[in-house]
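I set out these entries for a reader who has not met this structure before. They record what I looked up, step by step.

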Amino acid sequence: MSTRTNALKADISASIVVFFVALPICLGIAMASGVPLMSGILSGVVGGVLVGLLSDSKVGVSGPAAGLVAIILSGVASLGSFESFLISVLIAGGLQIVLGVFKLGSLVYFIPNAVIKGMLAAIGIIIICKELPYAVGWAADVQGNENFFQFTGEISFSDLLHAFEFVSFGSIFISIISLFVLVIWDKYLLKKHFIFTYIQCPLFVIILSVFIHFLSKKGALPFTLNPGELVSIPSINGLYDLPSIFIPPDFSSFFKKETISIGFFLALIASVETLLCVEATDKLDPLRRMTNPNRELIAQGAGNIVAGLVGALPITQVIIRSSANIEFGAKTKLSAILHGFWLLLAVVFLADMLNMIPLASLAVVLMRIGYKLAEPSAFTEMYKKGKEHFVPFMATVMGVVFFDLLIGVALGVLVSMFYLLNNDYKNPFTIVIGDDDKFHIEMAEQVTFLNKASVKNLLAKMPENASVIIDLSRSKYIHQDVLESIEDFRLQANSKKIDLIVVGDDLHLNKKLA
């Protein structure tokens, strides 16, 4: 069998596995985002087919991402409708193309890792809080009520607790069984029985919940699920009826300031998440193929423009589906493209079967994803790295959870900058004090205006009759204010009878004076 045939066989096999992984995740993320469930499926289709065709990534898979749930929730609430938010998705796609064309993909890496990890942890917490009412059946009685996410994206924990006043035994039963299977699967079955590596646990949980629902309808269980506790996506009669599921954007919102600002922030977050996933995926690829980040941004931008036009969720490259694609042997990007086609065919021909899925099982699958984003080890890992990492991390988490994504990330970046500037302020030089008042001051590689006060204070403390060497030779940059302070000290040295030598002044002081 030829190499090409082997690759084709591997790609088809991997695409089916990725489809089974993607289907519940697409539905679950749409549910977590408070938008029509079909929007999640459409996002998977566009991410698989269109982005797969345009992307340079050989094994990466794109689609709706849990990392964008918070911005979708707050964006829809702020703009008043999902149709208006779709304009922000269009704008985000256009901005991503601009970033890629001007080769600015690497700029997103300037966001500190602590902030990115804090953002993901906060998103995990939000997903858990958002999905918990569905897991207990409360959301079925107040379908469409998103009150515990306020217009700022804030979570009202009092409303979350209120959810437990409206519970369904059937949903709770399915949630407990689903959670039990997920835990047992990861901790025991995968380790002891090789066959379970070929079966996707989320898919098994969904199938099991459908079977439980079937038994309840037949009277074999002491409960039944009402329609509000089940997936509800529109049934269509073949491909000719496919356009009926599209949601057109509200173009009247195009020039609103808030629409543009949300689109800008969505482009930033989606680009960051995509490029981080690209980096991780390239490292997982057995062939270590490298993805062009700028071409990836262009592909993602084109995908988000189409997503905004058809009513799909915004798209990024996603690590869970990408890693599954790699794990099950994908050789080329054909696997990602085919998984998008399988999603489309499932919607066209299997909608009635999808509508038998209990929301509780999807909620548990999403809560598991949320837990993986916000698991305790993520907090302890950042704590062990020291306060310079942990404080910005926690600032981001608290800002995203209690306010919104924009405030949380901005707060985390500001705190990171504070530590950066504080370290810069504290370490402008090293000083060696010898016998007989001999001082050797070696300036750092980068000395900014923030170091002016500490340099001036140090020089002012030099005693009379001292011998002082100021070494500028290893400094690549010294701010003009600091150079002027050194020059002022040179003029004062004579009056204090200080023997002053400035090493490297031809590189800095003379340049300034010229």
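Entry 1: the chain as a whole. I took accessible area in the sense of the Shrake-Rupley method with a 1.4 Å probe. On that basis I found that the chain exposes about 23900 Å², and that carbon and sulfur atoms supply 66% of this area. I note at the outset that the model is a predicted one. I then looked up the secondary structure and found 20 helices and eight strands in the chain. Of the 514 residues in the chain, 52% are buried. I also looked up the contacts in the chain with a separation of 6 or more, and 81% of them join residues 24 or more positions apart.

Entry 2: cysteines. How many disulfides does a search of the whole structure find? I searched and the result was zero. I then checked the exposure of two cysteines. Cys129 has a relative accessible area of 8%, so I entered this residue as buried, the limit being under 20%. Cys277 has 6% relative accessibility and therefore also counts as buried.

Entry 3: the largest pocket. I recorded a volume of about 820 Å³ for the largest pocket. Its lining has 32 residues, and those closest to the centre are Leu120, Glu273, Leu276, Ile319 and Leu373. I next asked which elements give two or more residues to this lining. They are helix 1 (3-33), helix 5 (113-136), helix 9 (257-284), helix 11 (319-327), helix 14 (359-373) and helix 15 (376-384). Helix 9 supplies the largest share, seven residues. By class, I listed 20 nonpolar, four polar and eight charged residues in the lining of the largest pocket.

Entry 4: cavities. I counted six cavities of 30 Å³ or more. I then turned to the second largest cavity, which has a volume of about 40 Å³. Among the residues that line this cavity are Gly47, Val51, Gly52, Glu296, Lys333 and Ala336. Helix 2 (residues 37-54) gives the largest share of the lining, three residues. I sorted the lining of the second largest cavity into three nonpolar, six polar and two charged residues.

Entry 5: helix 11. Having met helix 11 in the lining of the largest pocket, I looked up which of its residues are buried. They are Arg321, Ser322, Ala324, Asn325 and Ile326. I found these buried residues packed against helix 1, strand 1 (62-63), helix 9, strand 2 (316-317) and helix 12 (334-349). After helix 11 comes Gly329, and I noted that its phi is positive, near 90 degrees.

Entry 6: Lys331. I located Lys331 in the loop between helix 11 and helix 12. Is Lys331 buried or partly exposed? Its relative accessible area is 41%, and because this lies between 20% and 50%, I entered Lys331 as partly exposed. Which residues does Lys331 touch, not counting residues up to four places away in sequence? I listed Ala7, Ala10, Asp11 and Arg289. For one of these partners, Asp11, I also looked up the distance. Lys331 and Asp11 are 320 residues apart in sequence, yet their C-alpha atoms are 6.0 Å apart in space.

Conventions
Residues are numbered from 1 along each chain as its sequence is written. This is a predicted model: local features need pLDDT of at least 70, side-chain atom pairs count only at pLDDT 80 or more; totals for chains, interfaces and linings use all residues. Side-chain values use heavy atoms; hydrogens and water are left out. A disulfide is a pair of cysteine sulfur atoms within 2.5 Å. Buried means under 20% relative accessible area, exposed over 50%, partly exposed in between (1.4 Å probe, protein chains only). On a 1 Å grid over the protein atoms alone, a cavity is a set of points where a 1.4 Å probe fits but cannot get out, and a pocket is an open set with protein on both sides within 12 Å along at least five of seven lines; lining residues have an atom within 4 Å of a point. Grid points are joined across faces, edges and corners, and a volume is the space filled by probe spheres set on the points. Helices (H or I, at least four residues) and strands (E, at least two) are DSSP runs, numbered from the N terminus. Ala, Val, Leu, Ile, Met, Phe, Trp, Tyr, Cys and Pro count as nonpolar, Asp, Glu, Lys and Arg as charged, and the others, Gly among them, as polar. Contact means heavy atoms within 4.5 Å.
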